[in-house]
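Ready for a few exercises? Have the sequence and the model open side by side, try each task yourself, and then compare your route with the worked solution.

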Amino acid sequence: MDDMSTRLSTLRSLLPSLQSTLEIFNASPSKFHIVRTINPSPTQPRTLYILDSSFNPPSRAHLSLATSALRHQKPDEERPTRLLLLFSTHNADKAPSPASFVQRIAMMTVFAQDVIQTLKSDEDISKVSIDIGLTKEPYYTDKSVAIASEAPEVYASKPIHVHLVGYDTLIRFCNPKYYPKYTPPLSALEPFFDAGHKLRVTQRPFDPNDSSSKEFGTLEDQEKYLQHIKEGGLEKEGFEASWRGNIDMVQGTGMGISSTRVRKAAKEERWDEVESLCTEGVAAWIKDQELYKEDASGKKMMG
Ligand SMILES: Nc1ncnc2c1ncn2[C@@H]1O[C@H](COP(=O)(O)OP(=O)(O)OP(=O)(O)O)[C@@H](O)[C@H]1O
Ligand SMILES: NC(=O)c1ccc[n+]([C@@H]2O[C@H](COP(=O)(O)O)[C@@H](O)[C@H]2O)c1
């Protein structure tokens with residue numbers, strides 16, 4: 001059996017245990033749980049990079065969010081570092097589609113292996129541990145609280161959290177509509193920023209061939225929006241000047257890459273395109289499991 005066949009069959013055999021882990025987590029009061037770790041190491045991190053893994057499926061753009069943070073960390077983000085792929089069973093905007101949850105965790109597992117494979121040429125960084133975690137919290141602020149306050153403690157070193165997000169997610173993070181219980185609404189972000197946690201925002205380039213990318217505006221618009229926030233544009237809503245340094249914006253490489261495009265290509269069995277948009281293992285897993293055969297929206301993805 002070749003290496004990819006072995007990876008796929010190992011993952012297939014893991015599905016029942018992933019399913020029962022999910023069920024136990026859902027039935028428990030716990031808000032954060034690590035399912036498994038790729039490249040495990042007992043070293044406690046000082047910086048924890050967190051990639052929200054609601055992705056359906058993970059793409060090469062998500063790969064770039066993770067590898068760019070690990071390779072080009074900001075000077076205030078100290079080593080050792082660790083990566084957490086975090087799947088939330090509750091989304092801020094979308095109704096849950098439970099049948100697909102186990103497949104989402106499976107894709108995180110195969111994606112984590114692909115991340116390590118991609119980092120192989122950087123001897124130090126490729127040893128990074130990648131945790132695959134679950135949370136019930138839809139909001140970034142609450143995800144960080146859940147990670148820091150889970151008992152028994154998961155990261156005893158109390159690392160700084162750096163959430164790796166795309167530009168569209170920065171807008172939603174700063175949208176007062178998500179924080180109606182707070183006055184002013186963005187005071188909800190205070191515990192997050194006061195703990196020193198950060199956002200690393202990757203720009204989403206506009207691709208004329210991909211109409212879904214239009215909504216993000218030009219790269220200049222994206223820089224201007226961040227500048228606007230940093231210059232007090234959301235002060236009335238409660239965004240404080242002292243949080244300015246906790247948001248970094250970096251250039252993206254994922255021109256025209258989106259999970260929507262992957263699902264559509266998979267449904268239409270355009271496997272070359274799936275392979276160009278996804279990492280090797282993820283593309284093979286989508287094909288192996290016929291994940292988007294029924295419905296490119298991902299809603300009826302097989303469990
Ligand atoms: N091409 C990209 N460039 C920069 N960031 C991206 C890109 N694709 C996804 N992201 C970011 O990755 C995170 C999770 O992505 P998400 O699952 O929403 O991906 P998506 O491709 O936009 O999904 P969908 O097409 O299903 O709406 C978000 O913060 C998103 O902004
Ligand atoms: N204000 C917030 O913290 C906020 C707002 C919108 C979405 N989210 C989260 O962002 C992640 C990605 O969301 P989408 O899958 O809708 O792109 C999800 O975990 C979602 O719950 C967080």
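The exercises below go through the sheet, the two ligand sites and a few local backbone features.

This is a predicted model, in which local features need pLDDT of at least 70, side-chain atom pairs count only at pLDDT 80 or more, and totals for chains, interfaces and linings use all residues. Residues are numbered from 1 along each chain as its sequence is written, chains are lettered from A and ligands numbered from 1 in the order in which they are written, and side-chain values use heavy atoms, with hydrogens and water left out.

**Exercise 1. Work out the strand order of the sheet, and explain why strand 1 and strand 7 each have one side without a neighbour.**

Step 1. Start with the elements: helices (H or I, at least four residues) and strands (E, at least two) are DSSP runs, numbered from the N terminus. Two strands pair if DSSP finds at least two bridges between them.

Step 2. Following the pairs gives an open sheet of seven strands in the order 1-4-3-2-5-6-7, and the pairing is mixed.

Step 3. Strand 1 (32-38) and strand 7 (247-250) are at the edges with a single partner strand each, so one side of each has no neighbour in the sheet.

Step 4. From one strand to the next, the twist averages 25 degrees. Axes here are lines fitted to C-alpha atoms, for helices over the stretch in contact, and angles run from 0 to 180 degrees between N-to-C directions.

Step 5. Now look at one edge. Strand 6 (residues 198-202) runs parallel to strand 7 and is joined to it by four bridges; Leu-199 has Ile-247 of strand 7 opposite.

Step 6. Finally, add a helix. Helix 1 (residues 3-27) lies across strand 1 and strand 4 (130-135), at about 160 degrees to strand 1.

**Exercise 2. Describe the shell around ligand 1 and find polar contacts that the ligand makes.**

Step 1. Collect the residues near the ligand, that is, those with a heavy atom within 4 Å of it. There are 17 around ligand 1, and the closest are Asp-168, Thr-169, Arg-204, Ser-259 and Thr-260.

Step 2. Sort them by class, with Ala, Val, Leu, Ile, Met, Phe, Trp, Tyr, Cys and Pro as nonpolar, Asp, Glu, Lys and Arg as charged, and the others, Gly among them, as polar. The shell then has five nonpolar, nine polar and three charged residues.

Step 3. Ask which elements contribute. Helix 2 (60-71), strand 5 (160-166), helix 5 and helix 8 (259-267) each supply at least two residues of this shell.

Step 4. Look for polar contacts (a pair of N or O atoms within 3.5 Å; within protein, one must be able to donate a hydrogen and the other to accept it, and residues adjacent in sequence count only if both atoms are side-chain atoms). Oxygen atoms of ligand 1 lie 3.0 Å from a side-chain N or O atom of His-62, 2.9 Å from a backbone N or O atom of Gly-166 and 2.4 Å from a side-chain N or O atom of Thr-260.

Step 5. On its own, ligand 1 has 600 Å² of accessible area (Shrake-Rupley method, 1.4 Å probe; for residues, only the protein chains shown count as cover). The protein covers 87% of that area.

**Exercise 3. Repeat the analysis for ligand 2.**

Step 1. Ligand 2 is surrounded by 14 residues, the closest being Asp-52, Pro-138, Lys-143, Arg-172 and Tyr-179.

Step 2. Seven of the shell residues are nonpolar, two polar and five charged. Helix 4 (140-149) and helix 5 (167-173) supply at least two residues each.

Step 3. Oxygen atoms of ligand 2 are 2.9 Å from a polar backbone atom of Ala-92, 3.1 Å from a polar side-chain atom of Lys-94 and 2.8 Å from a backbone N or O atom of Pro-138. The protein buries 91% of the 490 Å² that ligand 2 exposes when taken alone.

**Exercise 4. Where are the cis peptide bonds at Pro-80 and Pro-152 placed?**

Step 1. Arg-79 and Pro-80 are joined by a cis peptide bond with omega about 0 degrees, and Pro-80 lies in the loop between helix 2 and strand 3 (81-88).

Step 2. Ala-151 and Pro-152 are also linked in cis, with omega about -5 degrees; Pro-152 belongs to the loop between helix 4 and strand 5.

Conventions
Contact = heavy atoms within 4.5 Å.
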